[in-house]
Amino acid sequence: MNRRDTSITQGIRIPLWNVDVAYLLRLDIGGHDFWVVFDTGSADLWVASTDCTTEDCHGVPKYSQAESHTLSLLGEPFKLSYLSGSVVGIVATETIELGWYQIASQAFALANRTSGLDLADVGNSGILGFAFPSTAAIQPALGTTVLENIFEHLSEERRLFAYTLGRNNVETGTASDSSITIGELDSSIVNDSSQLSYFPVFRTSHSPYDFWKLPIQSFTINSLSLHLSRSLVPGAISPIGVLDTGTTFILGPAADVEAFWNTVNVGNSVRYNKDAQRWEVRCNRAIDVRVRLGEEDAALEIPLHPEDVSITWSSANEDAWCTGGLQANAEVNSGDWILGDSFLRNVYVIHQAASSTRPALIGLLNLTDPQTALSDFQKSRGQDPIPLPTSSVLGQLSRPQTRVLVIAIAVCASGGLIIGIIATLVCGSRRKLQETVGQNATA
């Protein structure tokens, strides 16, 4: 690994591009820039090649073998499936640059076929994963992950990355800051690591780390505690949530998600859209949702901004329907819940690798003040005249929908610009299926 800077221990800050349904970063591969999804829920790097002629990968910049002098084809096939979509290609090595880090002979995949990922709609040419190496589809014998290569040249205490995911304001056309730092904290957010609450990453006994996981202690809706289904993860006492920047929404068991929305549904403020297979809520529905994460005796309560519970990518009036920030997905197998962008926008997150003296850690800092968030929401969406939920409606199931599968929701785009037309089963939940990681014990 080479650096353009003489100090190899220095960290970097990389801006992220918020395209509503995902967060992209710019990556130089073989001397050419590509936008790739920043994904903490997978570990591989891949980019669409000029050999990719499927409709799914039309309209985005592609990697050309003919234009590189540092490419080395390894001849091994590459195949990766997500909750929504898949990619097939070949494994190769190439020189890449991320910020001022330069990595020679980085293992990655040249995609010659993608399906269900709708790259042009999102604006990305590939995906860069930041999960643990045990989840990588590219085998260690062929090369290590980008994050491993960077961490190898950092001291133990600097083997971390941290990020903040901003919001796009559809009313003003402005956006709050989104960025990732590697090897250091963002001094514009925190001055000292002690400002965060740290929790050990959950893993099944005698198994390697796979995804960035934490126990979920509770969901509350205006102080009403929602009953959560028993965890299906071996060894877990509480439901397990995976922090995943590559997924647009919070995804959970269908029964739990239905109970959540039926609790919110006072005055017909919630509906299930059977055609689109998603939960929708009145755009002015203002509720206070909080998630408690971490070990039970030290869990951190994280308030969600109402805009992350009632999501719109265009201006909305009080009579409009918005997409619910929680959706159901029966195919999640990396944990019980996926805590995607609608959760992660509310926290500053640090992911720290394990050291010789401690386990891998996740550090969290609340970024959402519930009172300020509610005030801003009401100014933007209008007042909510419907009464708040009460214990009498908590978790009522109005109809059997526990088999509902909402895989993902994307926003269709034209020329890479989001225009707010919602489509299902396209982008969002980009989660690697467990068979590609050797049937890990958390499957």
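**Exercise 1. Strand 14 and its partners**

Ile12 stands opposite Ile182 in strand 14. Determine which strands pair with strand 14 and in what sense, and state which way the side chains of residues 179-182 point.

*Solution.* The model is a predicted one, in which local features need pLDDT of at least 70 and side-chain atom pairs count only at pLDDT 80 or more, whereas totals for chains, interfaces and linings use all residues. Residues are numbered from 1 along each chain as its sequence is written, and side-chain values use heavy atoms, with hydrogens and water left out.

Step 1. Fix the terms. Strands (E, at least two residues) and helices (H or I, at least four) are DSSP runs numbered from the N terminus; two strands pair if DSSP finds at least two bridges between them.

Step 2. Take the partners in turn. Strand 2 (residues 12-15) pairs with strand 14 in the antiparallel sense over four bridges. Strand 11 (residues 160-164) also pairs with strand 14 in the antiparallel sense, over four bridges. In that second pairing, Phe161 is the residue opposite Ile182.

Step 3. Assign the side chains. In a regular strand the side chains alternate between the two faces of the sheet. In strand 14 (residues 179-182), Ser179 and Thr181 point one way, Ile180 and Ile182 the other way, and all are buried. Buried means under 20% relative accessible area, exposed over 50%, and partly exposed in between (1.4 Å probe, protein chains only).

**Exercise 2. Aromatic contacts around Phe161**

Describe the aromatic pair that Phe161 and Tyr163 form, and name the cluster linked by ring pairs.

*Solution.* Step 1. Apply the criterion: rings of Phe, Tyr and Trp (its six-membered ring) pair if their centres lie within 6.5 Å, and planes under 30 degrees apart count as stacked, over 60 as edge-to-face and the rest as tilted. By this rule the count comes to 14 aromatic pairs. One of them joins Phe161 and Tyr163, with 6.3 Å centre to centre and 20° between the planes, and is stacked.

Step 2. Add the surroundings. Phe161 and Tyr163 are both buried. Ring pairs link these two residues with Phe38, Phe130, Phe132, Tyr209 and Trp212 into a cluster.

Step 3. Look for a charge. The charged end of Arg203 sits over the ring of Tyr209, 4.2 Å from its centre; the rule asks for NZ of Lys or CZ of Arg within 6 Å of the ring centre and within 35 degrees of the ring normal.

**Exercise 3. The largest cavity**

State the volume of the largest cavity and which strand gives the most to its lining.

*Solution.* Step 1. Define the search. On a 1 Å grid over the protein atoms alone, a cavity is a set of points where a 1.4 Å probe fits but cannot get out, and lining residues have an atom within 4 Å of a point. Grid points are joined across faces, edges and corners, and a volume is the space filled by probe spheres set on the points.

Step 2. Read the result. The whole structure has one cavity of 30 Å³ or more, and the volume of the largest cavity is about 70 Å³.

Step 3. Inspect the lining. Strand 9 (residues 101-115) gives the most, with three residues. The lining includes Phe108 and Thr145, whose C-alpha atoms are separated by 8.1 Å although they are 37 residues apart along the chain. Phe108 lies in strand 9 and counts as buried because its relative accessibility is 0%.

Step 4. Classify the lining residues. Seven are nonpolar, four polar and one charged, where Ala, Val, Leu, Ile, Met, Phe, Trp, Tyr, Cys and Pro count as nonpolar, Asp, Glu, Lys and Arg as charged, and the others, Gly among them, as polar.

**Exercise 4. A four-stranded sheet and positive phi**

Give the strand order of the open sheet of four strands, and decide whether Asn268 is buried or exposed.

*Solution.* Step 1. The order is 20-21-25-24, with antiparallel pairing. The edge strands, each pairing on one side only, are strand 20 (270-273) and strand 24 (310-311).

Step 2. Four bridges connect strand 20 with strand 21 (residues 278-282) in antiparallel fashion. Within this pairing, Arg271 stands opposite Glu280.

Step 3. Asn268 is located in the loop between helix 3 (254-264) and strand 20. Its phi is near 55°, a positive value in a residue other than glycine. Most residues other than glycine have a negative phi. Asn268 is exposed because its relative accessible area is 62%.

Note on methods:
On a 1 Å grid over the protein atoms alone, a cavity is a set of points where a 1.4 Å probe fits but cannot get out, and a pocket is an open set with protein on both sides within 12 Å along at least five of seven lines; lining residues have an atom within 4 Å of a point.
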